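User: Hi! I am new to protein structures and would like to learn how to read one. Could you walk me through it?

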Amino acid sequence: PPSPFHDAALDLPLYGLAIMPCRTRDSDDGKHKAKGPLLSKFNLWKRPPGQEAIRKWMGQFSEANIGAICGLSGVTVVDVDGGEELVAEAIAMFGDTPLKTQTPSGGMHLWYRHNGERNRNLRTSHGLDIDIKGRGRYVLIPPSIRIDGPYAGQRYKFVTGSWDDLL
């Protein structure tokens with residue numbers, strides 16, 4: 001059956017997203033996380049992959065989820081691992097955004113234009129379950145599906161907005 005990557009990969013670059021295939025299951029050796037990238041050194045890429053590379057990956061990684069490389073896509077994503085109260089606190093800190101996506105566990109990705117933001121973990125500095133993902137980081141995006149754990153089978157989905165908000 002077609003995968004999230006196969007279904008969406010050719011359209012997402014039209015919105016400026018630098019995409020890559022991500023795992024949908026653990027590796028045979030059990031050493032890789034289920035949601036990690038299938039390509040190494042993506043954080044060193046200087047430009048988004050072209051249609052030729054994407055088509056190759058569609059054939060090579062037939063079961064892949066799909067990830068967006070944040071800075072290279074021109075976005076910074078605030079990854080909130082908490083409920084509505086923490087999402088409201090993140091919006092108070094960083095401003096509102098028209099594009100919000102939900103993770104299978106109920107977390108929220110708040111999407112902003114990239115302005116050189118660095119990656120930050122606010123768990124240690126502020127005691128908040130929030131990560132700022134900028135240059136060299138990635139997030140899984142709709143229509144990816146969580147494949148393990150208590151949220152297996154749940155999709156990443158839009159809460160407000162759409163990819164059109166990136167244009």
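**Reading the model step by step**

Analyst: Let's begin with one residue: Asp 148 is partly exposed, with a relative accessible area of 29%. Keep in mind that this is a predicted model.

User: Which residue forms a salt bridge with Asp 148?

Analyst: The partner is Arg 146, and the closest N and O atoms are 2.9 Å apart. Arg 146 is partly exposed too, with a relative accessible area of 27%. Elsewhere, salt bridges that share partners link Asp 81, Arg 123, Asp 129 and Asp 131 into one network.

User: How many salt bridges are there in the whole structure?

Analyst: A search of the whole structure gives six salt bridges. One of them joins the side chains of Asp 79 and Lys 133, at 3.4 Å from N to O. Asp 79 belongs to strand S3 and Lys 133 to strand S7, so this pair ties together parts that lie 54 residues apart in sequence.

User: Are Asp 79 and Lys 133 buried or exposed?

Analyst: Here a cut-off helps: buried means under 20% relative accessible area. Asp 79 has 7%, so this residue is buried. Lys 133 has 11%, so Lys 133 counts as buried as well.

User: What about the salt bridge between Asp 96 and Lys 100?

Analyst: Their closest N and O atoms are 2.8 Å apart. For the label exposed, the value must be over 50%. Asp 96 counts as exposed because its relative accessibility is 56%, whereas Lys 100 is buried, with a relative accessible area of 12%.

User: Now helices, please. How do I read which way the residues point?

Analyst: The general idea is that an α-helix has 3.6 residues a turn, so residues three or four places apart point the same way. Now take helix H3, residues 84-94, where Leu 86, Val 87 and Ala 90 are buried. These three cover an arc of only 105° around the axis, which means that they sit on the same side of H3.

User: Which exposed residues does the face of H3 turned away from its buried side carry?

Analyst: That face carries Glu 84, Glu 85 and Ala 92.

User: And what covers the buried residues of H3?

Analyst: The cover includes strand S3 (75-80), strand S5 (108-113) and strand S7 (130-133). You have met two of these strands already: Asp 79 lies in S3 and Lys 133 in S7. Just after H3 comes Gly 95, which has a positive phi, near 95°.

User: How should I read a sheet?

Analyst: In general, strands of a sheet pair through backbone hydrogen bonds, either parallel or antiparallel. In this model, an open sheet of three strands runs in the order S1-S2-S8, with antiparallel pairing. S1 and strand S8 (138-140) are the edge strands, as each pairs on one side only. From one strand to the next, the twist averages 35°.

User: Over how many bridges do S1 and S2 pair?

Analyst: S1 and strand S2, residues 65-69, pair over four bridges in the antiparallel sense. To see the pairing in the picture, find Met 20, which stands opposite Gly 67 in S2.

User: Where is Arg 23?

Analyst: Arg 23 is in the loop between strand S1 (19-22) and helix H2 (51-60). At 14% relative accessibility, Arg 23 counts as buried.

User: What lies 2.4 Å from a polar atom of the Arg 23 side chain?

Analyst: That is the backbone oxygen of Pro 37.

Notes
Residues numbered from 1 in each chain as written. Predicted model: local features only at pLDDT ≥ 70, side-chain atom pairs only at ≥ 80, totals over all residues. Heavy atoms only, no water. Helix = DSSP H or I, 4+ residues; strand = E, 2+ residues; numbered from the N terminus. Buried < 20%, exposed > 50% of the residue type's maximum accessible area, 1.4 Å probe, protein only. Polar contact = N/O pair within 3.5 Å; in protein donor to acceptor, adjacent residues only side chain to side chain. Arc of directions from axis to C-beta. Contact = heavy atoms within 4.5 Å. Pairing = 2+ DSSP bridges. Axes fitted to C-alpha atoms, helices over the stretch in contact; angles between N-to-C directions. Salt bridge = Lys/Arg side-chain N within 4 Å of Asp/Glu carboxyl O.
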